[in-house]
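Here's a quick walk through a single-chain model with a ligand in place. Have a look at the sequence and the structure first, then read on.

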Amino acid sequence: MRTVVSRLIHSRASISKLNAMTISKSRRHLSTDSNKVDEPFKVEEAETINVPPPPTEKLLVLGGNGFVGSHICREALDHGLSVASLSRSGRSSLHDSWANNVTWHQGNLLSTETWKEALNGVTAVISCVGGFGSNSHMYKINGTANINAVRAASEQGVKRFVYISAADFGVANYLLQGYYEGKRAAETEVLTRFPYGGVILRPGFIYGTRSVGSMKIPLGVIGSPMEMVLQNAGSLSRIPLVGPLFIPPVNVTAVANVAVRAATDPVFPPGIIDVHGIQRYNQRKSK
Ligand SMILES: NC(=O)c1ccc[n+]([C@@H]2O[C@H](COP(=O)([O-])OP(=O)(O)OC[C@H]3O[C@@H](n4cnc5c(N)ncnc54)[C@H](OP(=O)(O)O)[C@@H]3O)[C@@H](O)[C@H]2O)c1
């Protein structure tokens, strides 16, 4: 359970001097007979310390039993957050011990409203709900389901909403029209309903270990070397039509790191973060 904050260290002023200065300054506000200005408070050094996050922080991961969602749940638990997940199948086939520390809700974002109870007391939501199929199915699952979630969260007073969207893939956008139209519609809803606490991550291919039942599929075997080759090929990704194929893949742990940070750090800037932004934020965090 770690939240990083900065503590200011000053050379001459001890806490008691600081208190004395505060008192003397507030007295100046009340009296009119003194124009004397105190010596300015001088900050010489800043030190980073770890303090636990407020115990009231509660995260709901939509699709927490999926590939990205399960990594996000683990990351959030490592940060000491209270974590719940909502999906159609609930806990599903996850056998790992960390899963015992998640509260699993079963519900369909496209059906009746009973799933909204999962939002009680929730301070931040991360949505990993998405999928493929026919164009109309893709629009529903990537768009409508998430739009329903964004609206319910905003009505419930949730402070921050993070949506795992997807990078533009040029020609693929055309072939998977329902997928991308759904993603963009959900993004618009996040930015409209959460102008100060809405963050959208747009990764390309996400690699890592995907659990399918009791099997673990190591997608990093392809993804990791591709990321190394393509992460410095920024200009190639701007070539019309084929350029998006050069978008570097990103590790699922990086997506999870940045998503949890975006959901819990009140000064994390709202808006859209592409794959290069995800890599940058991830590196910044791990320093
Ligand atoms: N994997 C990648 O390479 C990649 C790349 C770019 C973007 N993304 C995006 O990242 C997100 C997560 O991807 P993923 O690979 O982790 O997908 P995933 O493993 O298929 O997870 C999708 C999750 O959504 C839940 N879900 C689907 N429909 C739902 C509904 N109507 N109501 C409630 N829950 C629902 C699923 O659980 P149930 O089936 O139990 O409901 C599952 O937990 C998706 O939005 C995807 O488009 C993924």
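The shell around the ligand is made up of 13 nonpolar residues, 10 polar ones and 1 charged one. Keep in mind that this is a predicted model. Which residues come nearest to the ligand? Out of 24 residues around it, they are Gly63, Gly66, Arg88, Ser89 and Gly130. As for helices, H2 (67–78) and H3 (135–155) each put at least two residues into the shell, and H2 has the largest share, with 3 residues.

Stepping back to the whole chain, you'll find 8 helices and 13 strands. Of its 287 residues, 35% are buried. If you take contacts with a separation of 6 or more, 71% of them link residues 24 or more positions apart.

Here are the elements that come up along the way, each with one thing to look for:

| Element | Residues | What to look for |
|---|---|---|
| Helix H2 | 67–78 | 3 residues in the ligand shell |
| Strand S4 | 82–87 | 5 of 6 residues buried |
| Helix H5 | 177–193 | reach of 24 Å |
| Helix H7 | 252–264 | 9 residues in the largest nonpolar core |

Now for the core. The largest nonpolar core counts 61 residues, and Ile72, Leu201, Val255 and Ala259 are the ones that touch the most other members. Helix H7 is the top contributor to this core, giving 9 residues. Ile72 is a handy one to click on: leaving out residues up to four places away in sequence, Ile72 touches Val61, Gly64, Ile126, Cys128, Ala256, Ala259 and Val260.

Next, the strands. S3 (residues 58–62) and S4 run parallel and are joined by 5 bridges. One place to see the pairing is Lys58, whose bridge partner in S4 is Ser82. Why is S4 largely enclosed by the rest of the structure? Because 5 of its 6 residues are buried.

Last up is helix H5. H5 has 17 residues and spans 24 Å from its first C-alpha to its last, close to the 24 Å expected at 1.5 Å a residue. Its buried residues are Tyr179, Tyr180, Gly182, Lys183, Ala186, Glu187, Glu189 and Val190. And what covers them? The cover includes helix H3, strand S7 (160–164), helix H4 (171–175) and strand S8 (198–202). So H3 turns up twice on this tour: H3 helps cover H5, and H3 also supplies at least two residues of the ligand shell.

Note on methods:
Residues are numbered from 1 along each chain as its sequence is written. This is a predicted model: local features need pLDDT of at least 70, side-chain atom pairs count only at pLDDT 80 or more; totals for chains, interfaces and linings use all residues. A residue is near a molecule or strand if its C-beta atom, placed from the backbone, lies within 6 Å of it. Helices (H or I, at least four residues) and strands (E, at least two) are DSSP runs, numbered from the N terminus. Ala, Val, Leu, Ile, Met, Phe, Trp, Tyr, Cys and Pro count as nonpolar, Asp, Glu, Lys and Arg as charged, and the others, Gly among them, as polar. A nonpolar core is a set of buried Ala, Val, Leu, Ile, Met, Phe, Trp, Tyr and Cys residues joined through C-beta atoms within 7 Å. A residue is buried if 20 or more other C-beta atoms lie within 10 Å of its own, exposed if 12 or fewer, and partly exposed in between; C-beta atoms are placed from the backbone. Two residues are in contact if their C-beta atoms, placed from the backbone, lie within 7 Å. The expected span of a helix is 1.5 Å times one less than its number of residues. Two strands pair if DSSP finds at least two bridges between them.
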